Amino acid sequence: MFYTKRRANGVGLAAPQIGKGVRLAVIELYPTSLRRDLAKAEKVVIVNPKITWRSKEKAYDWEGCLSFPGVRGRVPRAKRIKVRYIDSEGRAVMAELSGFPARVFQHEIDHLDGVVYVDHIDDIKTLMTTGEFVKRILKT
């Protein structure tokens with residue numbers, strides 16, 4: 001799954017996105033063409049994840065998805081979450097996450113629950129092609 005995720009220039013991939021009916025996702029944060037400022041982090045495999053707490057405070061940021069290539073939208077997400085999951089070694093993990101890592105975990109866990117990021121968009125005018133995003137938002 002990490003190979004597939006990297007080939008698509010993504011930071012996360014959930015098993016259902018590649019036709020696998022298991023509650024598993026992979027996450028690997030590193031700088032990408034659209035998020036050059038991302039810090040590299042360890043690869044994470046999350047099995048049977050569950051968000052056990054979400055902050056009421058929301059943050060808006062731009063998201064894309066390998067299931068919707070070439071499209072981005074501005075999505076509200078909880079700023080902080082607590083999550084539990086099983087890692088690739090079979091260990092139970094409890095983690096508290098904030099910022100972009102919390103956003104990615106929420107995005108991937110949503111996939112496992114049959115929800116996609118566009119379901120969260122509250123202003124459909126923010127949905128745009130990646131080309132428009134680069135021109136209008138990144139201004140590169």
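Good morning. I shall begin with one ring, Phe-68, which is partly exposed at a relative accessible area of 31%. Please bear in mind throughout that we are looking at a predicted model.

Phe-68 has an aromatic partner, and the whole structure holds three such pairs. With Tyr-117, Phe-68 forms an edge-to-face arrangement, 5.9 Å centre to centre and with 75 degrees between the planes. The two residues come from distant parts of the chain, 49 residues apart. Phe-68 belongs to the loop between strand 4 (58-64) and strand 5 (71-78), and Tyr-117 to the loop between helix 2 and strand 8 (128-129). In contrast to the partly exposed Phe-68, Tyr-117 is buried, with a relative accessible area of 1%. Since the burial limit is 20%, the value of 31% places Phe-68 above that limit, and the value of 1% places Tyr-117 below it.

Another of the pairs joins Tyr-85 and Phe-105; the centres are again 5.9 Å apart, but the planes meet at 45 degrees, and the pair is classed as tilted. Tyr-85 lies in strand 6 and Phe-105 in helix 2, so this pair ties together parts that are 20 residues apart in sequence. Both Tyr-85 and Phe-105 are buried.

That brings me to the core. Which residues touch the most other members of the largest nonpolar core? They are Ile-27, Ile-46, Ile-81, Val-83, Tyr-85, Leu-97 and Phe-105, out of 22 residues in that core. Two or more core residues come from each of strand 2 (24-27), strand 3 (44-54), strand 6 (80-86), strand 7 (92-98) and helix 2 (99-112). Helix 2 gives the largest share, six residues.

Ile-81 shows the surroundings of one such residue. Leaving aside residues up to four places away in sequence, Ile-81 touches Ile-51, Trp-53 and Arg-54, then Ala-95, Glu-96 and Leu-97, and finally Ala-102, Phe-105 and Gln-106.

Let me turn to charged residues. The charged end of Arg-72 sits over the ring of Phe-133, 4.9 Å from its centre. Likewise, Lys-43 lies over the face of Phe-2, at 5.1 Å from the ring centre.

Lys-5 is a further case to examine. Is Lys-5 buried or exposed? Lys-5 is buried, with a relative accessible area of 0%, and its place is in helix 1 (residues 2-7). Beyond residues up to four places away in sequence, Lys-5 touches Gly-10, Val-11, Gly-12, Leu-13, Val-26, Glu-28, Tyr-30 and Leu-66.

Next, the largest pocket. Its space amounts to about 490 Å³, and 26 residues line it. Nearest its centre lie Asn-9, Gly-10, Gly-64, Cys-65 and Arg-72. Gly-10 is thus one of the contacts of Lys-5 and one of these central lining residues. Arg-72 also lies nearest the pocket centre, while its charged end sits over Phe-133. Strand 4, strand 5 and helix 2 each supply at least two lining residues. Helix 2 provides the largest share of the lining, five residues, just as helix 2 provides the largest share of the core.

I close with a backbone detail. Most residues other than glycine have a negative phi. Asn-48, although not a glycine, has a positive phi of about 50 degrees. Asn-48 is situated in strand 3 and is partly exposed, with a relative accessible area of 48%. Thank you for your attention.

Definitions and conventions: Residues are numbered from 1 along each chain as its sequence is written. This is a predicted model: local features need pLDDT of at least 70, side-chain atom pairs count only at pLDDT 80 or more; totals for chains, interfaces and linings use all residues. Side-chain values use heavy atoms; hydrogens and water are left out. A nonpolar core is a set of buried Ala, Val, Leu, Ile, Met, Phe, Trp, Tyr and Cys residues joined through side-chain atoms within 4.5 Å. Buried means under 20% relative accessible area, exposed over 50%, partly exposed in between (1.4 Å probe, protein chains only). Helices (H or I, at least four residues) and strands (E, at least two) are DSSP runs, numbered from the N terminus. Contact means heavy atoms within 4.5 Å. Rings of Phe, Tyr and Trp (its six-membered ring) pair if their centres lie within 6.5 Å; planes under 30 degrees apart count as stacked, over 60 as edge-to-face and the rest as tilted. A charge sits over a ring if NZ of Lys or CZ of Arg is within 6 Å of the ring centre and within 35 degrees of the ring normal. On a 1 Å grid over the protein atoms alone, a cavity is a set of points where a 1.4 Å probe fits but cannot get out, and a pocket is an open set with protein on both sides within 12 Å along at least five of seven lines; lining residues have an atom within 4 Å of a point. Grid points are joined across faces, edges and corners, and a volume is the space filled by probe spheres set on the points.
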